[in-house]
Each structure stands twice: as structure tokens, then as C-alpha cells.
Amino acid sequence: MSRQIAALEAELGGGPLFDRLPRGVRLTEAGRSLVPHAEAVVAALLEARRELEALREAAAGRLRFGAFATADAALVPHALALFRTRRPRVRVTREEGFPPALLDRLAAGLLDLAVVSTTGRAPLDSYELHHLLDEPLYVAVAADHALAGQDGPVPLARFADADWICGSARPEGTLLEVALRQGFRPRVAHVVGEWTAKQGYVAAGLGVTLVPALAAGSVRPDVRLLRVLDTRAGRPGRCTRRACGDGIRRRPPRPSSPRCGRRRRGSPAEPHGVDHSRHAILPPSGTTPPPP
């Protein structure tokens, strides 16, 4: 350290910057006059480091996203695998949760993107929505249920007197809210949150439950799925959307693509119960998520 100080003193003209004392050193008047300049140099170096780190972050990027369970099981893995091939340097973190909690985290800037599913009455006015896909709804029944061999869609009202298995004691705010729009209040006999457990209850004949198409591929063999006939065409049982905060102009959902099983502009409304899946985006203030 003493050699470095001596070199600095020599470079600045040879005058001492410190008085050498028996116990340590003390700034000379020249040293005290140099302190503000030294502090300015240190501040400039710190700012340069922050700018370089920001450049590196922009080049690599970070994407924080969340999704609801059934999307996380079927839709998200394929999209994430494709994203990684296109943006291998982007650091991706994910979390799973219910749509209201994901939207709260989105609005708070803790997520950049979320795949969310909501009911038709969900308060999404403050978000910009982007359509991903439409999927039909199914009623899961036991293999020996009277309707298990039914061909074609079944009106949900056929199950108005059934015992229902749901993640909440009330249908409001859940997938089962579609029953309210079809004119009956389902009787929730068992509150079960986890999808595998719901199947167990259904297989045992303890009730029926609603299943979105994203979860249909994981149904156990002693459970049958009956597609729901929506007697009020064009009304989704649940919506999953892309969201942006109040300061950003909202865009209407894009028309569906026949290749993805979605309705084309001007075509007749799908007569079955459908679940619209979309993704929600609300970048933190001053930042933009990396492009897909």
C-alpha cells in the first residue's frame, strides 16, 4: 500500500498526500484537497460498472413467469422448451399458483409473464389480454356412471343434482362457475384441490368434477370424460389471458386459428363449453421482457 501511495504522490507532482505518524497516517492539506476528486472517480467507476452489468443483463435477459397447474402440466413445458432453443442465454424462473395470486404478482412487478385462467367474471379490466387457445370442458365421471357411455356432448344441467368435487366450497371464482351461467348452483360435496385426488374421488363414485382439456391427457383409466355442451354458445367457462397494467392500451383477443382448434373470425360460435387460455404480461416499470 505504501508503494502505491508513493507512486500516486510522484504522479501528482511529488508532494506528500499523507503525514506518516508513529501510529498510522494523516492527510496533508494536499491530500484533503484531493479527496472530492477521488470520491468522484470512485462514483464514476461504480456507475460504469452498473452500466456494463445492465448491458450484460440486456444481452442475456431474464424472464420470470407463472402459470396455473394444468397449463404448467401441458401447455407451458412445450412453450418453454421452444423458448430455450431460441433464447438460450435468457435466465428463466417460473412459479405455479392460482390466477388471482399470479395477477397480483404480475401487477407488483414480481413476474414478467403469467399464463392465467379465470372465470368469465374475473376483474381483468386493468390488463391487456392476448388469446392463446380455446379448449373444451369435460365432466369427469366414474367408469360405472350411468352416463359413462354417452356419445357426444352432454348438457351440464344433466348434472344439476349430482355431488360435485371442487377446489372450493363455492363455485364462484372456480371452473365450476360455468354451472351458474347454465342455470343451477352445483352442490359441492367434497372440497379437493389436487387434480390426482379429484380423480380418486370420481373413480370411487363420490361425485363428478369439471376438467379442462389441458388436463384430459392425464385421466386415469377408471374415469370417463364427457364433453360439456354449452347451451349458451360463445360463453367461456373460464378465461386465461395476457394482461398489462392500466397505463398500457388494451388490445382485443386475437381471432382463433382453426389449426389450434380456435374459432376463425366470422365463423359460428363453438356450441360446446370452452375454456379460453391466454397469457398475461405486465413488465416491471422501465423494463421490457425479451422477445419470444
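**A first walk through a predicted model**

Hello everyone, and let me start with the whole chain: of its 292 residues, 38% are buried. Please keep in mind that this is a predicted model. The secondary structure comes to seven helices and 13 strands. As for contacts, take those with a separation of 6 or more: 74% of them are between residues 24 or more positions apart.

Let's begin towards the start of the chain. Strand S1, residues 18-21, runs antiparallel to strand S2, residues 24-27, and four bridges join them. Together S1 and S2 make a hairpin, with two residues between them. If you want one pair to find on screen, Phe18 has Leu27 in S2 as its bridge partner.

Just along from there, look at Thr28, which sits in the loop between S2 and helix H2, residues 29-60. Is Thr28 buried or exposed? Thr28 counts as buried because its relative accessibility is 11%, and the cut-off for buried is under 20%. And what does Thr28 touch, leaving aside neighbours within four places in sequence? Its contacts are Pro16, Leu17, Phe18 and Asp19, and you have already met Phe18 as the partner of Leu27.

Next comes a parallel pair. Strand S3, residues 62-67, and strand S4, residues 91-96, run parallel and are joined by six bridges. Arg62, for example, has Arg91 in S4 as its bridge partner. How does the chain get from S3 to S4? The path goes through helix H3, residues 69-86, and this β-α-β crossover is right-handed.

H3 deserves a moment of its own. Its 18 residues reach 25 Å from the first C-alpha to the last, close to the 26 Å expected at 1.5 Å a residue. Where does H3 bend? The bend is at Leu75, by about 50 degrees, and a proline, Pro77, follows within four residues. The buried residues in H3 are Thr70, Ala71, Asp72, Val76, Leu80 and Phe83. Here is a general point to keep beside that list: an α-helix has 3.6 residues a turn, so residues three or four places apart point the same way.

Now for the interior. The largest nonpolar core has 20 residues, and the ones touching the most other members are Val139, Val141, Leu156, Phe159, Trp164, Val208 and Leu210. At least two residues each come from strand S6 (129-142), strand S8 (163-166), helix H5 (178-181) and strand S11 (223-229). S6 gives the most, with three residues. Apart from this core lies another, of 13 residues, including Leu63, Phe65, Phe83 and Val115. Phe83 is one of the buried residues of H3 that I listed a moment ago.

Back in the largest core, zoom in on Leu156. Setting aside residues up to four places away in sequence, Leu156 touches Val139, Trp164, Val178, Ala179, Gln182, Phe184, Leu210, Val228 and Leu229.

I'll finish with two prolines. Pro155 lies in strand S7, residues 154-155, and counts as partly exposed because its relative accessibility is 27%. Its C-alpha is 9.0 Å from that of Gln182, with the two positions 27 residues apart along the chain counted as their separation. Pro212, in strand S10, residues 209-212, counts as buried, since its relative accessibility is 6%. Pro212 and Leu137 are 75 residues apart along the chain, and their C-alpha atoms are separated by 4.7 Å.

Thanks for listening!

Note on methods. Residues are numbered from 1 along each chain as its sequence is written. This is a predicted model: local features need pLDDT of at least 70, side-chain atom pairs count only at pLDDT 80 or more; totals for chains, interfaces and linings use all residues. Side-chain values use heavy atoms; hydrogens and water are left out. Two strands pair if DSSP finds at least two bridges between them. A crossover is right-handed if, with the strands pointing away from the viewer, the path from the first strand over the helix to the second runs clockwise. The expected span of a helix is 1.5 Å times one less than its number of residues. The bend at a residue is the angle between axes fitted to the seven residues ending there and the seven starting there. Buried means under 20% relative accessible area, exposed over 50%, partly exposed in between (1.4 Å probe, protein chains only). Contact means heavy atoms within 4.5 Å. A nonpolar core is a set of buried Ala, Val, Leu, Ile, Met, Phe, Trp, Tyr and Cys residues joined through side-chain atoms within 4.5 Å.
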